[in-house]
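The following exercises are to be worked with the sequence and the coordinates at hand. Each task is followed by a solution in steps.

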Amino acid sequence: MMTSHYSLVCTACGATYDGEPGRLTCDADHEPALLRARYASRQLHVDQQRGGLFRFRDWLPICRELGTASGPRTFVSEHLGPLLGLDHLVIVFNGYWPERGAETWTTSFKELEAATAAARYPAGHRQTMVVASAGNTARAFAHVYSADGSPVCLVVPERRLGSLWSLGPLSDDVELVAVTGDSDYFDAIRLAGSLCQQPGFFPEGGALNVARRDGMGTTVLSGATLLGRIPDHYFQAVGSGTGGIAAWEANLRLIEDGRFGTTRMQLHLAQNVPFTPMVDAWQQGLPEIPDYDEADLKRRLNGITAKVLSNRRPAYAIRGGLFDALQESQGKMYAVTNQEASSASLLFEHAEGIDINAESAVATAALMQAVARGTVRRRETILLNITGGGERRLRRDQPGIQPIPVTRRVALVDVGCQSCLRSLAESLRVAAAE
Ligand SMILES: *Cc1c(COP(=O)(O)O)cnc(C)c1O
């Protein structure tokens with residue numbers, strides 16, 4: 001048996017576990033807490049021979065590498081930065097942008113998570129991983145798991161099916177379950193959770209999965225290695241909060257490394273008005289997300305253009321989660337209107353020459369707010385995480401884009417029904433065996 005190059009440490013009690021792939025939580029009896037990966041290699045050795053995210057493999061909880069993994073493309077902005085009066089704006093671009101060699105085909109940083117999540121398990125693993133998604137995660141996992149030949153079951157709300165496309169036919173290992181009716185991401189999470197109770201299925205884990213967090217954390221590693229130091233500020237749009245936590249954890253590892261300085265980069269995280277649960281909680285000093293009335297919540301969810309930021313149960317209150325990360329980094333949260341996001345999107349495309357998605361536009365608008373308020377200064381180093389971009393460009397270059405076929409549809413009213421679940425699991429197993 002191979003000894004792992006990482007262990008898992010509980011952020012609440014410090015209990016330590018071997019780097020086993022399936023472990024998501026601590027066994028001790030305390031409040032919910034994230035486990036965090038601790039790597040044997042305290043210093044980051046970047047393997048320059050590799051182009052994609054696996055060049056950071058020392059700090060990824062993986063046991064193998066996938067052939068085709070892309071990585072973030074990171075550069076000092078020559079156009080947007082000066083336009084905003086910033087000397088050291090570093091853009092981390094996740095998406096499709098051929099002139100810059102960015103080949104994240106599914107056009108979001110969820111592909112970093114998917115690749116690391118898959119590589120955490122040995123090849124030939126035959127249990128089906130279940131992933132709930134508001135769209136981008138499912139698209140990324142479909143692409144990566146299809147290429148890898150690993151089984152995955154994606155659960156999404158039906159109204160998000162429009163974001164489930166692929167560049168070509170996918171392998172039979174990819175199954176797609178849509179929750180019909182007036183469902184949202186939360187309903188997909190509920191169904192995915194129950195499906196995981198059935199034999200043959202296991203949960204991907206979301207924010208609890210260190211593979212997802214450390215895969216996303218490579219955005220900060222690539223920024224810091226470009227700059228030769230930890231940046232002063234980090235901007236990102238958040239939905240589940242996982243990316244923000246990941247950025248903070250990468251920051252902590254870089255401090256321990258010793259060669260990148262001791263900066264605690266300030267987290268600047270943004271949500272899209274009118275759905276701003278983490279902004280509201282943070283600005284009121286609350287360690288937990290306030291309860292919303294259901295009808296109010298639906299109205300808010302329907303009102304945002306950055307649909308991926310629609311998580312109503314983010315990893316905020318959990319120990320080692322976003323509230324802790326914001327506290328430790330003296331972070332700030334931003335509420336961005338659709339109008340602000342759309343202006344920021346136009347500005348970015350005009351300045352840098354590539355389209356960005358609505359979530360990245362929210363992050364860019366937050367940066368513009370921070371500049372206007374003097375929260376960030378000309379000479380400071382700033383990392384702007386463009387979490388997704390180039391989809392319009394990709395659609396122009398790749399006419400073969402097609403919808404991912406739905407394997408099964410489940411009515412919203414059946415999400416809590418046990419017998420419906422058993423038959424769903426059975427039919428998925430049969431489909432997988434065929
Ligand atoms: C998922 C996603 C986000 C938000 O990331 P979280 O880790 O869920 O907070 C932002 N932008 C894009 C493009 C995404 O796909």
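**Exercise 1. Describe the surroundings of serine 427, beginning with its side-chain contacts.**

Solution. Step 1: a polar atom of the serine 427 side chain lies 3.0 Å from the backbone oxygen of leucine 424. A polar contact is a pair of N or O atoms within 3.5 Å; within protein, one must be able to donate a hydrogen and the other to accept it, and residues adjacent in sequence count only if both atoms are side-chain atoms. The model is a predicted one, in which local features need pLDDT of at least 70 and side-chain atom pairs count only at pLDDT 80 or more, while totals for chains, interfaces and linings use all residues. Residues are numbered from 1 along each chain as its sequence is written, and side-chain values use heavy atoms, with hydrogens and water left out.

Step 2: the side chains of serine 427 and arginine 408 are joined by a polar contact of 2.9 Å.

Step 3: serine 427 belongs to helix α13. Helices (H or I, at least four residues) and strands (E, at least two) are DSSP runs, numbered from the N terminus.

Step 4: the relative accessible area of serine 427 is 17%, so the residue is buried. Buried means under 20% relative accessible area, exposed over 50%, and partly exposed in between (1.4 Å probe, protein chains only).

**Exercise 2. Establish the strand order of the sheet that contains β7, and state which strands form its edges.**

Solution. Step 1: five strands make up an open sheet with parallel pairing, in the order β11-β7-β8-β10-β17. Two strands pair if DSSP finds at least two bridges between them.

Step 2: β11 and β17 (408-410) are the edge strands, each pairing on one side only.

Step 3: on average, neighbouring strands of this sheet are turned by 30 degrees against each other, direction ignored. Axes are lines fitted to C-alpha atoms, for helices over the stretch in contact, and angles run from 0 to 180 degrees between N-to-C directions.

Step 4: helix α13 (residues 418-433) packs on the sheet and touches β8, β10 (174-179), β11 and β17, its direction making about 155 degrees with that of β10. Contact means heavy atoms within 4.5 Å.

**Exercise 3. Analyse strand β7: its burial and its pairing with β11 and β8.**

Solution. Step 1: β7 spans residues 128-132, and 5 of its 5 residues are buried.

Step 2: Thr128, Val130 and Ala132 point one way, whereas Met129 and Val131 point the other way.

Step 3: towards β11 (residues 201-203), β7 forms 3 bridges in the parallel sense, with proline 203 as the bridge partner of valine 130.

Step 4: towards β8 (residues 152-157), β7 has 4 bridges, again parallel. Methionine 129 stands opposite valine 152, and valine 131 opposite leucine 154. From β7 the chain passes through helix α3 (residues 136-148) to β8 in a right-handed β-α-β crossover. Right-handed signifies that, with the strands pointing away from the viewer, the path from the first strand over the helix to the second runs clockwise.

**Exercise 4. Why is helix α9 described as largely enclosed?**

Solution. Step 1: α9 covers residues 322-329, and 6 of its 8 residues are buried, so the rest of the structure largely encloses this helix.

Step 2: the buried residues are Leu322, Phe323, Asp324, Ala325, Leu326 and Ser329.

Step 3: these buried residues pack against α6 (242-257), β13 (266-272), α7 (277-283) and β14 (332-336).

Step 4: just after α9, glutamine 330 takes a positive phi of about 50 degrees.

**Exercise 5. Is asparagine 251 buried or exposed, and what does it touch?**

Solution. Step 1: asparagine 251 lies in helix α6.

Step 2: its relative accessibility is 0%, so asparagine 251 counts as buried.

Step 3: leaving aside residues up to four places away in sequence, asparagine 251 touches Ile230, Thr263, Arg264 and Met265.

**Exercise 6. Which residues come nearest to the ligand?**

Solution. Step 1: of the 19 residues around the ligand (a heavy atom within 4 Å), Lys110, Gly239, Ser240, Gly243 and Thr387 come nearest.

Step 2: a backbone N or O atom of glycine 239 lies 2.8 Å from a ligand oxygen atom, and a backbone N or O atom of glycine 241 lies 2.9 Å from a ligand oxygen atom.

Step 3: for serine 240, a polar side-chain atom lies 2.7 Å from an oxygen atom of the ligand.
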